[in-house]
Every structure is written in C-alpha cells, then in structure tokens.
Amino acid sequence: MIDKRLLKLERFLESNEPLDSLHDYFGMSQRNMSRLLKKWEAENYIELNTRVHSNKSISLKIDVEKQLFLEFISLANNMKIQDIKSYLELPWHSKSIEAIQSIMKEKILGNRLNINHEKHTIIDYVEQIPEKIDPNHNFKLILAQVCSQIGEKLYVMDEYGHIKRNLVKYEEWIGDHLHIYLHSNIKFSDGTLMTATDVKNTLFHLTKHDILGDWFKLISDIKIVDDFYLILRVADFKAVVQYLLTEHCSVILKAHKGTYIGTGPYRIDKIESNRIELITNDFYRTPVDVNEIYLIKNEDMAREKQLEENEYNHLIVNEVINEIVMFNSAAAFNNMERYEIMAYLKRLMSNDKQAVILPDIKKTINVLLDVEISNSVKEKLKKSSLNFNFVEVKEYHSMLNQLAEADLVWLSESYWNDRVYHMLFYIFPGKSREWYSDNSGAKEFYEALRKDSIEEVREALNVFEKWLEDNHYRELLKVKKQKRIYDTKYKNVSIDQYGVVNYSGIIV
C-alpha cells in the first residue's frame, strides 16, 4: 500500500511554498522529515536532487492521487468505516473526493442509503433551546452542542491538550504574523467552498464575543492573500490566540437565510421553541452513520436521575457543569471568614447529612448569581440565618456592571481542569479579573500567557491557583453530572469534557 502522506507531499509541491516549511506542513522535526524523504526515495516514490534547494529538489516518480484512488477502489468493499475515513480525510482534489464519496455510498453503504433508505436518528433531551444560534451570544452547553455539529474549527485540541490542525492545512509564525493555509476542498452545507474570507468574517465576529471578545481583538489585522491563504497579525499572547481557535465558539460559520451554516457533518433543518432538528450535510467530506438528531427541550428528561442501563441501551455519565464561587479580594471579609463561608456553602450544596455549622458572621454578603441557577441556590439558602443579598444576572455584561459591588460571584461553568488556559474563562475575561489584579501570582500567570511554552503557563497557573485556594478566594461547590441513554446499536459514542457529543463519530 502507498504511504498516504505522499499525497500531502504532492499538494505541498503544487503550492510552491518554500521547502524550509515542509517539516512544519507535516508537523514533524526537520531530522524526521529528512529521514522520511530518504525512505520514500529508497522505495522509488520520489527522487531527490541535493544540488537544488527548492521545491524542484523533490520530484515525484508516480501520480500519487491516481494510485491512491485506484487503491481505494480495489479495497473499498472490505474496508471498515474508520479505514474509509482515513482516505476521505486526505487532501484530494475536489473531483476525487466527490468520486470517493459516491463510490463509498454505493459500495459500502448502498444497502442502507440507496436500497432501504433507512435512517438512524438520535434524540437527546436538553434543558433549554437557545433563542438564536450565535456562538457569540450567551455560550451555553446547548449552543456549543449545535455549533459543533454544524461547524468546524481551524484547530482542535486532543485529549492530551495538544493543538492539532483541522481546517488548516499548515501554518507558520513569521515574527508577529501567523500565516494560515487552508484546505481547499472544504464546503459549507449549501455547497459553496469555505475560503479565507469566511474565516476572516468569523474571526471579526468573535471580537464581539460576550466573554472572549477582548482576547480575539489581539488579532489586530487579517490580510487575505488568496482564497485559501490568510495572515493574522498577533503582536502579543500568540499561544493564547491559537488556543482560542480550538474552542467551540470558534467554529467557522456564515449567515444563511436567517440562521448560520457551517462545514460540519450536520446542518440545521428546523429550530423551534421546544426543539432543534439537525440533518446531515450532503457536502461533508466523510459519510456519517447518524442521519438525524433531535434536541428536544424537556427539563425532566434532561435531569432524569432514574435512567438505568439494561440489555437494550447503555448509559453514559459525564460531568458537564461546575458551580464555582469566587470571592472578591477587596470584600470586607478576612481569611477565616472566607474559609467559614466557603465551608458552609460547600457542605450545604453537597447534601451532606452531617450538621452544617453556621458561621457567626453578621455582615451582609452580596452575591452575584447566574439567573439559571438562582432558584436552586436560593432554595438551599432560604433557611440560612446568614444575611445574603442576591443579585441575579442573565447577560455577561450585566455581571460586569455589578462586579465591583459584589462580595462573591456564583458561577455556573463548563470547567475543564486539564486545559491550561481554562482560567481565561472565569478570571481574566473580566468576571473577576479586577479583584486579583494586584496579586503577584495573578500577574505572573498573566505574564506567562505571553509565552509560547505551555509548561511555563502551567507552572504559573499552579502558583496562582494555590494562592486562590490557600486564601479561600475560590471554591468548587457542586459538580453537575449529565446522564445520556443510547441504544446498544450505537457504538463509539464520545463526549468531550464540556459535555458536547460527537454525533458524527457514532457507528451504527
């Protein structure tokens, strides 16, 4: 079998990019790139001319795309779906990818799609339906779920915290400029090609993001070189900006007939006050087994505690939301009082049957509350003799306006501890940034964000978090678990740390 990476080499040679960037394009060191080229030369796939230092120093001795296409046709009938995807994800020319998709539907999925017209549908219950599909607006879990099905990000982060290319073919930093080369065969669900203009429009839109807008403004300029090549100017916090492009809010979308469309595996078919219906994107690069997704508003089912696994279904439980309390460092409470209040709140919210010791504190405690959790919190605290003054906030900007007067803020967050940059979401975007601006640990962490080394960022973060915990400025009060039931015929169900389901990866 031909090494599929040869097709990447063929695309690189067609691009006329400088040879020095070849190892970056392949995501490997120069030494390993050199070894791979020599291996291909020994296998008679390429010819190397060491006297010339340019793309012309590498010559292909075969028509890689043609040979791989013929290889796919000969093996398609016996391939597993994951094997097929490994071919479909290669950088084919558009005509080849269309032919491969057609052949796969005919040879591999023919019985299901063309003969019986059988559809595989998944229904998931959610607690709310967003008022509008806009990744910049009140970015809750349900919105992340929808946007991640209809759109894709420039980069993704794997389970180990490493940033991987997705819509990006390759990139390179030259000074303060990030040069991004896009795949040229990515299509929106209306059949139009995704171009650098679509990426630029999305990045501009993200500067208006409720929480992360100021960070996206670090991209001070975007220059479009051609349809699939753009240059971002980022003078500071370069690693942070590239990290943000892996977040669910960063999916590449464009406005279309009153809603948004993307390049993801699904598109919105219908959206109503009580449900969202998603169907497959016919222009997506790889076929999917699940054809329809119904996200139904049903709070009782979404919160069902009695869901059980049996012979017909399997149960998936994941942590999706943490309730976190942050104390204002300027509030009139000393370290011991903060400790007593935090311990009291944590015991109360954990449903621990042991007696809850009430702190002897007479001061009024001004609390900013996310409106979506306020009822449950108030229910817990209504019998408390502590003097709580609650201020409910629905929109993020309302929280900013009230922040200075608050003693603590009660947040409902999708919080992933393993992500080095998670502090961006509830400390430095402004939710409580002003409270800790004079702390040396916070300053050290903020400065570390300017560095390219994740380890330096992680080390500074550990110091800052230890200061928060030692001084009782932060407490994790409650972890909300989400239960999902799926028919046993659905395999390979995966849910990320934010609670977003990868429906397109499900195998029937």
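A pocket here is an open set of points on a 1 Å grid over the protein atoms alone, where a 1.4 Å probe fits and protein lies on both sides within 12 Å along at least five of seven lines. Keep that in mind for the first view, and remember throughout that this is a predicted model.

**View 1. The second largest pocket and what lines it.**
With the definition in hand, here's the pocket itself: the second largest one has a volume of about 1,400 Å³. Its lining takes in 43 residues, and the ones that lie nearest the centre are E152, V156, N166, Y284 and N502. As for secondary structure, two or more lining residues come from each of α5 (81–88), α8 (141–150), β4 (155–157) and β6 (168–174). What is the mix of nonpolar, polar and charged residues in this lining? It divides into 15 nonpolar, 16 polar and twelve charged residues.

**View 2. The whole chain, for orientation.**
Before zooming in further, some overall numbers. The protein has 17 helices and 19 strands. It runs to 508 residues, 50% of which count as buried. If you look at contacts with a separation of 6 or more, 67% of them are between residues 24 or more positions apart.

**View 3. The largest nonpolar core, and another one apart from it.**
In soluble globular proteins, nonpolar side chains tend to be buried together. In this model, the largest nonpolar core holds 76 residues, and L154, I180, L232 and W410 are the ones that touch the most other members. The element that gives the most to this core is helix α13 (residues 335–349), with six residues. Another core lies apart from it and is made up of 31 residues, including I2, L7, F12 and W40.

**View 4. Strand β9 between β7 and β8.**
Strand β9 (residues 229–234) is mostly covered, with five of its six residues buried. To one partner, strand β7 (residues 177–182), it is joined by five bridges, and the two run antiparallel. Strand β8 (residues 219–226) also pairs with β9 in the antiparallel sense, over six bridges. β8 and β9 make a hairpin that has two residues between them. For a handy landmark, pick L230 in β9: I180 has it as bridge partner, and so does I224. And what does L232 touch, leaving aside its neighbours within four places in sequence? Its contacts are D176, H177, L178, I180, L203, I219, D221 and I222.

**View 5. N185, a buried asparagine in a loop.**
N185 has its place in the loop between β7 and α9 (196–206). Is N185 buried or exposed? Its relative accessibility is 9%, so N185 counts as buried, the cut-off being under 20%. Neighbours within four places in sequence aside, N185 is in contact with L90, W92, L193 and R285.

**View 6. Strand β14 and its two partners.**
Here β14 (residues 292–297) is joined to strand β3 (residues 121–126) by six bridges, and this pair runs parallel. T121 has E292 as its bridge partner in β14. With strand β13 (residues 275–280), β14 runs antiparallel, and five bridges join the two. On this side, the bridge partner of I276 in β14 is L295.

**View 7. N291, in the loop ahead of E292.**
N291 sits in the loop between β13 and β14. Why does N291 count as buried? Because its relative accessibility is 12%, and buried means under 20%. The chain brings in a remote residue here as well: Y503 is 212 residues away from N291 along the chain, yet their C-alpha atoms are separated by 9.4 Å.

**View 8. Helix α1 and its packing partners.**
In helix α1 (residues 5–15), the buried residues are L6, L7, L9, E10, R11, F12 and L13. Two of these, L7 and F12, also turn up in the core of 31 residues. The buried residues of α1 pack against α2 (22–26), α3 (30–42), β1 (46–48), β2 (58–60), α4 (64–75) and β6. After the helix comes N16, which has a positive phi, near 60°.

**View 9. Strands β16 and β17 side by side.**
Strand β16 (residues 365–370) is mostly covered, and five of its six residues are buried. It is joined by six bridges to strand β17 (residues 388–393), and the pair runs parallel. To find the register, start from I365, whose bridge partner in β17 is F388.

Note on methods: Residues are numbered from 1 along each chain as its sequence is written. This is a predicted model: local features need pLDDT of at least 70, side-chain atom pairs count only at pLDDT 80 or more; totals for chains, interfaces and linings use all residues. Side-chain values use heavy atoms; hydrogens and water are left out. On a 1 Å grid over the protein atoms alone, a cavity is a set of points where a 1.4 Å probe fits but cannot get out, and a pocket is an open set with protein on both sides within 12 Å along at least five of seven lines; lining residues have an atom within 4 Å of a point. Grid points are joined across faces, edges and corners, and a volume is the space filled by probe spheres set on the points. Helices (H or I, at least four residues) and strands (E, at least two) are DSSP runs, numbered from the N terminus. Ala, Val, Leu, Ile, Met, Phe, Trp, Tyr, Cys and Pro count as nonpolar, Asp, Glu, Lys and Arg as charged, and the others, Gly among them, as polar. A nonpolar core is a set of buried Ala, Val, Leu, Ile, Met, Phe, Trp, Tyr and Cys residues joined through side-chain atoms within 4.5 Å. Buried means under 20% relative accessible area, exposed over 50%, partly exposed in between (1.4 Å probe, protein chains only). Contact means heavy atoms within 4.5 Å. Two strands pair if DSSP finds at least two bridges between them.
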